[in-house]
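Open the model in your viewer and keep the sequence panel beside it. This tour goes from one selection to the next and says what is there at each stop.

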Amino acid sequence: MANGLPEPFVTAMMARFAAHRTQPQFPATPELEKILGRPPRTFAEWATDHVTGFEAGA
C-alpha cells in the first residue's frame, strides 16, 4: 500500500496518469497568460515534475 491506498488503486491511477501524459494539450488561453505573466504549464509538464512523488505514493 502507498500512503494507505490499496496497490490495485495506485496501479490503476498510475496507468491513467501515463495515458494522459501522452494526450495532446489544449492551447493556453490569452487571459491565463496575462494573469500568470507567462504561458501556463500543461498538466503533462506539471505531472512530469511530480512523477517521482506519484510513484512513491506521496
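**First stop: the largest pocket**

Begin by selecting helix α1, since the largest share of the lining of the largest pocket, five residues, comes from α1. This is a predicted model, in which local features need pLDDT of at least 70 and side-chain atom pairs count only at pLDDT 80 or more, while totals for chains, interfaces and linings use all residues. Residues are numbered from 1 along each chain as its sequence is written, and side-chain values use heavy atoms, with hydrogens and water left out.

Next, select Leu 5, Val 10, Met 13, Met 14 and Phe 54, which lie nearest the centre of this pocket among its ten lining residues. Two elements, α1 and α3 (43-56), each give two or more residues to the lining. A pocket here is an open set of points on a 1 Å grid over the protein atoms alone, with protein on both sides within 12 Å along at least five of seven lines, and lining residues have an atom within 4 Å of a point. The space in the largest pocket is about 190 Å³. Colour the lining by residue type, and you should find nine nonpolar residues, one polar and no charged.

**Second stop: a patch on the surface**

Keep Leu 5 and Met 13 selected and add Phe 9, for these three form a nonpolar patch on the surface with about 270 Å² of accessible area together. Such a patch joins nonpolar side chains within 5 Å, from residues with over 30% relative accessible area and no salt bridge (a side-chain nitrogen of Lys or Arg within 4 Å of a carboxyl oxygen of Asp or Glu). Leu 5 sits in the segment before α1 (7-21), and is partly exposed, at a relative accessible area of 36%.

**Third stop: Thr 11**

Is Thr 11 buried or exposed? Thr 11, in helix α1, is partly exposed, with a relative accessible area of 46%, which falls between buried (under 20%) and exposed (over 50%). Now select Glu 55 as well: the C-alpha atoms of Thr 11 and Glu 55 are separated by 9.1 Å, although the two residues are 44 residues apart along the chain.

**Last stop: the whole chain**

Finally, select the whole protein chain, which has three helices and zero strands. Of its 58 residues, 16% are buried.

Note on methods: Patches are made of residues with over 30% relative accessible area and no salt bridge: like charges are joined within 9 Å, nonpolar side chains (Val, Leu, Ile, Met, Phe, Trp, Tyr) within 5 Å. Accessible areas come from the Shrake-Rupley method with a 1.4 Å probe; for residues, only the protein chains shown count as cover. Helices (H or I, at least four residues) and strands (E, at least two) are DSSP runs, numbered from the N terminus. Buried means under 20% relative accessible area, exposed over 50%, partly exposed in between (1.4 Å probe, protein chains only). On a 1 Å grid over the protein atoms alone, a cavity is a set of points where a 1.4 Å probe fits but cannot get out, and a pocket is an open set with protein on both sides within 12 Å along at least five of seven lines; lining residues have an atom within 4 Å of a point. Grid points are joined across faces, edges and corners, and a volume is the space filled by probe spheres set on the points. Ala, Val, Leu, Ile, Met, Phe, Trp, Tyr, Cys and Pro count as nonpolar, Asp, Glu, Lys and Arg as charged, and the others, Gly among them, as polar.
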